[in-house]
Structure formats: structure tokens, C-alpha cells
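Let's take a friendly walk through this model, from its cores to a few single residues. Have the sequence and the 3D view open as you read.

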Amino acid sequence: MKITSVDCLYSGNNMIVKISTDEGLTGYGEATFTARQKSVEAMIEHFSPSLIGQDPMRTDFIWYDLFRSTARRGGYIIMTAISGVDEALWDIKGKTCGLPVYQMLGGKQRDRLLVYKHINGDTKEALLQEAEAALQKGYKVLRYSMPDARNDIFDTRRMIWDSAERTRQLREFAGEEIELIYDGHSRFNPARSIELCNALAQYRPLFVEDPLIADDLEDYRTLRSHTDAPLGTGEKLGPVWDYTTLIGDRLIDYVRTDICNCGGITSMKKIAAYAETAHMDMVPHGLRTGIGMMSAFHVDISVPNFLVQEQGLFDFDRFHGDDLFIECAMELKGGYCYLGDAPGLGVTVHEENKSEFICFERPHWRKPDGSVQDW
């Protein structure tokens with residue numbers, strides 16, 4: 001079997017990689033960059049000539065070929081493109097063997113996957129209303145964040161005060177049995193991050209996610225020595241070597257890998273194995289489409305150190321993707337995901353329902369003095 005074509009499909013700003021073969025099998029992977037998506041499509045075009053004619057079953061070989069055959073490896077754009085290709089190849093491999101991908105990763109380590117739900121709201125009433133709705137659906141882990149910047153002005157001190165108050169309100173409302181995850185969105189410098197984490201620690205979050213600006217992982221060493229709050233990060237990192245400092249020096253507690261940015265299924269499995277050596281659990285980042293989510297689910301269910309999967313970016317409560325573009329062989333019930341046994345990733349892509357590309361750019365926020373604020 002040989003690869004005959006590599007194509008990109010869009011559902012809004014979300015990008016799907018489609019790989020076709022001379023035996024009629026097709027695989028799909030997600031390569032969503034969340035913004036500035038055309039840069040990843042250009043990288044897929046660079047990869048395409050070296051992929052055509054290759055055996056799609058050689059997933060590891062192709063991964064290393066794409067990763068190492070350049071003088072400037074890694075980086076968000078290259079790794080997102082590799083992720084989409086890798087997921088599509090595993091989809092083909094599973095369909096060829098007539099097995100779900102998780103069976104080829106060692107089989108199920110668990111019967112179901114715990115997932116967590118995003119809750120939002122700029123007011124106390126709105127936030128608690130969403131929390132109540134999630135709890136009624138059976139969710140046992142809730143993720144929340146700070147309010148959005150007001151008029152594109154991000155006031156760090158106010159955000160820390162608001163975050164502590166929101167955490168207190170949620171803990172009082174949800175009780176002690178529900179786990180809470182606070183997302184800092186990588187918006188705080190070390191000094192402010194220490195202040196934030198210490199303000200939240202008294203309310204016993206499962207962990208504080210991305211409390212630090214993501215430029216220098218050594219900042220986690222500083223933060224670790226100044227707070228007792230559990231820490232989690234990883235969605236902005238690439239392959240396993242990017243985790244050497246965080247995992248090797250035990251600077252975090254939970255690993256937040258994004259399967260569509262780290263290098264796909266091949267890469268995430270290795271990151272989970274590395275995290276296991278430090279007895280760290282995986283709490284993988286959520287994805288934009290059902291293809292990325294299903295790719296993560298297959299790794300989640302096959303590794304021993306999985307804890308909970310972020311589910312909020314792609315709303316599985318609706319079961320389908322944008323415009324009924326993607327169907328997924330899974331069931332979401334009572335805060336858990338139950339995977340089916342369909343071959344490959346277990347996704348059906350209705351290409352006739354795909355949408356045109358929509359250009360998306362993150363807000364350009366400012367600090368109160370007018371200088372640039374990390375989004």
C-alpha cells in the first residue's frame with residue numbers, strides 16, 4: 001500500500017489532513033493551529049512530495065523522516081503539521097488491520113475515560129449557572145478561568161482578585177467532591193503567578209493550569225519553590241524532548257499535552273511514557289474537532305497514567321462537529337467517554353458538509369498603560 005495524495009480540508013478555522021492510498025483507504029487527522037492556520041497548510045504542502053509513495057503503515061519511520069529531515073526542526077507549525085499527518089496514518093493503519101487504534105497501542109487500560117467540562121461566565125450568577133448545568137449532566141471535574149479582558153484591557157491585579165473570588169464561589173457551590181481546574185492561559189509573569197497560585201491554593205484546585213507565560217520553562221522552577229498549589233502545563237510544547245526540564249526535574253504535577261501540536265499519536269504515547277517515570281498523570285489538552293479528540297481518546301485509554309481529558313473545546317454534547325462534518329464512534333455519558341470499537345480512529349467525515357476556511361486571529365490585548373499583554 002502506498003500514499004497517493006495528501007490534502008487539507010477546513011471546517012471554519014479548523015484544519016483536517018486527509019491522506020489517501022492506492023488501495024482505496026483514507027485516513028484523517030487534525031492539524032488545527034487555533035489561529036494563523038494557513039501557515040500549517042503551507043507546511044503540509046512542503047511535506048506532501050516526501051509522503052507520496054511511502055507505505056502509510058510505517059508510522060514511526062514517517063514521523064522521524066518529517067521531524068529530522070530539516071536543519072530547523074520542531075516549532076509549533078512543523079509539529080502541528082506532523083500531528084495531522086501522524087493521526088491520519090494511524091487511522092489508515094487501524095482500518096487496514098480492522099482494529100481501533102487503541103488496540104494497536106497496547107489495548108485498553110480502563111473501561112471509560114473521565115472528561116472535564118468548561119464553564120464560563122463574566123458574573124457569579126452566569127458562572128454558577130453553567131456549573132450547575134454541568135453537574136446535572138454528571139461532570140465531576142470543572143474547568144474555569146478569569147473573565148475576558150474588559151475592552152481589550154487586561155488588568156493583572158484585578159484578574160488575580162477576580163480569579164480567587166471565582167474559585168471561592170465555585171468551591172462553596174460545588175462542594176468538596178468536585179474537582180476544579182483553573183486555567184491561567186499563560187498570561188502571568190513569575191511574580192504574578194506566585195501571587196495567583198497562592199491565592200487559589202486554599203480552595204484546593206486539582207491544579208492550576210498554565211499559570212506562567214510560556215517563554216521560559218525555568219520559570220516553573222521559581223514558581224514551584226514558592227507555592228504549594230499543584231501545577232499543570234504542556235499544551236504549548238512539542239515532542240518529548242520539550243518536557244525534559246518539567247518532567248525530569250519534577251517541576252509540575254500534571255502533563256497537559258496537545259495531541260495536535262506535540263506530533264500526534266506517536267509523540268503523545270512517548271510523552272505519557274516519560275511522564276510515567278515521574279509518576280505524573282496525563283490531563284491532555286482539548287481539541288477543536290472530533291478527529292483530534294478521538295485521537296487523544298485512543299492514547300488516553302491505552303496509557304496507565306491517564307487522569308482526565310479536557311473536552312470543552314469541541315462540544316461532544318452535540319456529538320457532531322461543525323455542520324455535521326464529523327461523526328465519532330463514542331458515547332459521552334455522566335462525565336465519562338465510552339469508546340467504540342470501530343476500526344482506525346472511529347471517525348466518519350462527511351466531506352460534503354465541510355465549510356470554507358475562515359481566517360481567525362486572537363484578540364490583541366493591552367495592559368492598562370497601553371503596552372502589549374500576552375493573550
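## Before we start

Helices here are DSSP runs of H or I with at least four residues, and they are numbered from the N terminus. With that naming in hand, look just past helix α5: Gly 138 follows this helix and has a positive phi, near 100°. Please keep in mind that the model is predicted.

## The nonpolar cores

A good place to begin is the inside. The largest nonpolar core holds 79 residues, and Val 255 and Phe 297 have the most contacts inside it. Helix α11, residues 290-300, is the element that gives the most to this core, contributing six residues. Another core lies apart from it and has 25 residues, including Met 15, Phe 33, Phe 47 and Ile 82.

## Helix α5: two sides

How far apart are the end C-alpha atoms of α5? They are 18 Å apart, which agrees with the 18 Å that the 13 residues of this helix (124-136) should span at 1.5 Å a residue.

Colour α5 by burial and you can follow its two sides. Leu 127, Leu 128, Ala 131 and Ala 134 are buried. Seen down the axis of α5, the buried residues fall within an arc of 120°, so they line one face of the helix. Glu 125, Gln 129 and Gln 136 are exposed on the other side. As for partners, the buried residues of α5 pack against β4 (113-118), β5 (141-145) and α6 (156-174).

## Helix α6: its ends and its neighbours

Next comes α6, with 19 residues. From first C-alpha to last, this helix reaches 26 Å, close to the 27 Å expected at 1.5 Å a residue. At its start, a side-chain oxygen of Asp 155 comes to within 3.3 Å of the backbone nitrogen of Arg 157. Following α6 is Gly 175, with a positive phi near 85°.

Polar and charged names turn up in the buried set of α6: among its buried residues are Arg 158, Arg 166, Gln 169 and Arg 171, along with Met 159, Ile 160, Ala 164 and Leu 170. The buried residues of this helix pack against α5, β5, β6 (179-183) and α7 (190-201).

## Two residues to click on

Ser 193 sits in helix α7. Is Ser 193 buried or exposed? Ser 193 is buried, because its relative accessible area is 0%. Leaving aside residues up to four places away in sequence, Ser 193 touches Phe 188, Pro 211, Leu 212 and Leu 223.

His 285 is found in the loop between β10 (281-282) and α11. With a relative accessible area of 10%, His 285 is buried too. Which side chain does the His 285 side chain meet in a polar contact? The partner is the side chain of Asp 258, at 2.7 Å. For a sense of the wider fold, try the distance to Gly 29: His 285 and Gly 29 are 256 residues apart in sequence and 16 Å apart in space, C-alpha to C-alpha.

## A hairpin to finish

Strands β13 (residues 330-333) and β14 (residues 336-339) run antiparallel and are joined by four bridges. Across this pair, Lys 333 stands opposite Tyr 336 in β14. Two residues lie between the strands of the hairpin, where Gly 334 takes a positive phi near 60°.

Notes
Residues numbered from 1 in each chain as written. Predicted model: local features only at pLDDT ≥ 70, side-chain atom pairs only at ≥ 80, totals over all residues. Heavy atoms only, no water. Core = buried A, V, L, I, M, F, W, Y, C linked by side-chain atoms within 4.5 Å. Buried < 20%, exposed > 50% of the residue type's maximum accessible area, 1.4 Å probe, protein only. Pairing = 2+ DSSP bridges. Expected span 1.5 Å × (residues − 1). Arc of directions from axis to C-beta. Contact = heavy atoms within 4.5 Å. Polar contact = N/O pair within 3.5 Å; in protein donor to acceptor, adjacent residues only side chain to side chain.
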